Amino acid sequence: VTRRSAPMPLPDGEILALLTRPADLGALADPQRWSACLGGLRRDPATPVLGATPVTVDGRSTVLVVLPTGESGPVDSVTAVVLDAGCGAADTRPLAEKTLHRP
């Protein structure tokens, strides 16, 4: 069974606005949980968080996180990912993911 990605819970403008305020990782704020979550997503645990906010998707507690696009992506872009609030080492993909042009 293939898991289908959920739509982004916030419009692009609101996601980019997260870059201008302190990140709120909500339930993922614990450093050990955050490190395990990034490891499960096959991302470097040292990846800087550019912005974040808790959001509800289909009645589930999630966190929308803005991360650098990565070494292979354009420098003027960011990647928004929606992660389950219980994200851990066993998770292998975000609920939603989108690359945005950074203003």
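1. Let me start with the cut-off that matters for the first residue I looked at: a residue counts as buried when its relative accessible area is under 20%. S77 has a relative accessible area of 8%, so it is buried. Please keep in mind throughout that this is a predicted model.

2. S77 is a good place to enter the structure. This serine lies in strand β3, which covers residues 77-84. Its side chain makes a polar contact of 2.8 Å with the side chain of T69. Leaving out residues up to four places away in sequence, S77 touches T69, T99, L100, H101 and R102. One of these, H101, is also the bridge partner of S77 in β4.

3. Stepping back to the whole chain, you will find 2 helices and 4 strands. Along the sequence they follow the pattern α-α-β-β-β-β. The radius of gyration is 13 Å, close to the 13 Å that the globule rule gives for 103 residues, so the chain is as compact as a globular protein of that length. The C-alpha trace spans about 35 × 30 × 30 Å along its principal axes.

4. A few totals may help you to place the rest. Buried residues account for 37% of the 103 residues in the chain. Of the contacts between residues at least 6 apart in sequence, 56% join residues at least 24 apart. The chain exposes about 6,000 Å², and carbon and sulfur atoms supply 51% of that area.

5. Now to the strand pairing, which I would follow in sequence order. β1 and β2 pair in the antiparallel sense over 7 bridges, and in this pairing T53 stands opposite L64 in β2. β2 and β3 are likewise antiparallel, pairing over 7 bridges. Here V63 stands opposite L83 in β3, while L64 has V82 as its bridge partner in β3. L64 therefore appears in both pairings, facing T53 of one strand and V82 of another, with bridges as defined by the pairing criterion. Finally, β3 and β4 run antiparallel and are joined by 6 bridges.

6. β3 deserves a closer look. What share of its residues is buried? The count is 7 of the 8, so β3 is largely enclosed by the rest of the structure. S77 is itself a buried residue of this kind, at 8% relative accessible area, and it sits within the 77-84 range of the strand.

7. The largest nonpolar core has 15 residues, and M8, I15, L64, V66 and V82 have the most contacts inside it. The elements that give two or more residues to this core are α1 (12-17), β1 (51-57), β2 (60-68), β3 and β4 (96-101). Which of them gives the most? It is β3, with 3 residues.

8. V82 is a handy residue to centre your view on. Leaving aside neighbours within four places in sequence, V82 is in contact with M8, P9, V57, T62, V63, L64, P94, L95 and A96. Apart from the core that holds V82 lies another, of 13 residues, among them L25, C37, V81 and C87.

9. Two residues have backbone angles that you may want to view on screen. Most residues other than glycine have a negative phi. R42 is not a glycine, yet it has a positive phi of about 60 degrees. This arginine is found in the loop between α2 (31-40) and β1. Its relative accessible area is 73%, so R42 is exposed.

10. The second such residue is D58, also not a glycine, with a positive phi of about 50 degrees. Where does D58 lie? It is in the loop between β1 and β2, two strands that form a hairpin with 2 residues between them. Is D58 buried or exposed? At 75% relative accessibility, D58 counts as exposed.

How values were computed: Residues numbered from 1 in each chain as written. Predicted model: local features only at pLDDT ≥ 70, side-chain atom pairs only at ≥ 80, totals over all residues. Heavy atoms only, no water. Buried < 20%, exposed > 50% of the residue type's maximum accessible area, 1.4 Å probe, protein only. Polar contact = N/O pair within 3.5 Å; in protein donor to acceptor, adjacent residues only side chain to side chain. Contact = heavy atoms within 4.5 Å. Core = buried A, V, L, I, M, F, W, Y, C linked by side-chain atoms within 4.5 Å. Rg over C-alpha atoms; globule rule 2.2 N^0.38 Å. Areas by Shrake-Rupley, 256 points an atom, 1.4 Å probe, with all protein chains shown as cover.
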